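Here are my notes on the model you sent over. I've kept them short and numbered so you can follow along with the structure open.

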Amino acid sequence: DLDDALQRLEAFDERKARILELHYFGGLTYEEMSAVMGLSTTTLDAELRFAKAWLRQQLADVPPAADG
């Protein structure tokens, strides 16, 4: 289920999927992810929060909101 949800997230928003993978599977800090992705830590935090919420909805079998 997790792999399927991550694939759906990648199809929906590749950048958010990459950030989530770097955080959970790569174990990178916010500063490291910021450097790898070329994003400010503020933007990175917002993207990661969205990705976590999106993934939580997918794993709970609740369709994500249409407005993003």
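Let me start with one side chain: is Glu47 buried or exposed?

1. Glu47 is buried, because its relative accessible area comes to 11%, and the cut-off for that label is under 20%. Do keep in mind that this is a predicted model. Glu47 lies in helix 4. Leaving aside residues up to four places away in sequence, Glu47 touches Arg15, Lys16 and Ile19.

2. Next, have a look at Ala51, also found in helix 4. Ala51 counts as buried because its relative accessibility is 0%. Not counting residues up to four places away in sequence, the contacts of Ala51 are Leu9, Lys16 and Leu20. So Lys16 is worth clicking on, because it turns up next to Ala51 as well as next to the buried Glu47.

3. While you're at Ala51, try a distance to Arg18. The two sit 33 residues apart in sequence, yet C-alpha to C-alpha they are 9.7 Å apart in space.

4. Now zoom out a little, to the way helix 1 meets helix 4. Helix 1 covers residues 2–12 and helix 4 covers residues 41–59. They pack at an angle of about 130°, and their axes are 10 Å apart. That angle is why helix 1 is called oblique to helix 4; the roughly antiparallel label would need an angle over 145 degrees. The crossing of helix 1 past helix 4 is right-handed.

5. Which residues make that contact between helix 1 and helix 4? From helix 1 you get Leu2, Ala5, Leu6, Arg8, Leu9 and Phe12. From helix 4 come Phe50, Ala51, Trp54, Leu55, Gln58 and Leu59. Sorted by class, the contact has 10 nonpolar residues, 1 polar and 1 charged. Ala51 belongs to this set, and Leu9 of helix 1 is one of the residues Ala51 touches.

6. As for the chain overall, there are 4 helices and 0 strands. Read from the N terminus on, the elements run α-α-α-α. The chain has 68 residues, and 26% of them count as buried; Glu47 and Ala51 are among them.

7. Two last numbers for your notebook. Take the contacts between residues at least 6 apart in sequence: 45% of those join residues at least 24 apart. On the surface side, the chain exposes about 4400 Å², with carbon and sulfur atoms supplying 50% of that area.

Terms used: Residues are numbered from 1 along each chain as its sequence is written. This is a predicted model: local features need pLDDT of at least 70, side-chain atom pairs count only at pLDDT 80 or more; totals for chains, interfaces and linings use all residues. Side-chain values use heavy atoms; hydrogens and water are left out. Axes are lines fitted to C-alpha atoms, for helices over the stretch in contact, and angles run from 0 to 180 degrees between N-to-C directions. Helices (H or I, at least four residues) and strands (E, at least two) are DSSP runs, numbered from the N terminus. Angles under 35 degrees count as roughly parallel, over 145 as roughly antiparallel, 65 to 115 as roughly perpendicular and the rest as oblique. A crossing is left-handed if the near helix is turned anticlockwise from the far one by less than a right angle, and right-handed if clockwise. Contact means heavy atoms within 4.5 Å. Ala, Val, Leu, Ile, Met, Phe, Trp, Tyr, Cys and Pro count as nonpolar, Asp, Glu, Lys and Arg as charged, and the others, Gly among them, as polar. Buried means under 20% relative accessible area, exposed over 50%, partly exposed in between (1.4 Å probe, protein chains only). Accessible areas come from the Shrake-Rupley method with a 1.4 Å probe; for residues, only the protein chains shown count as cover.
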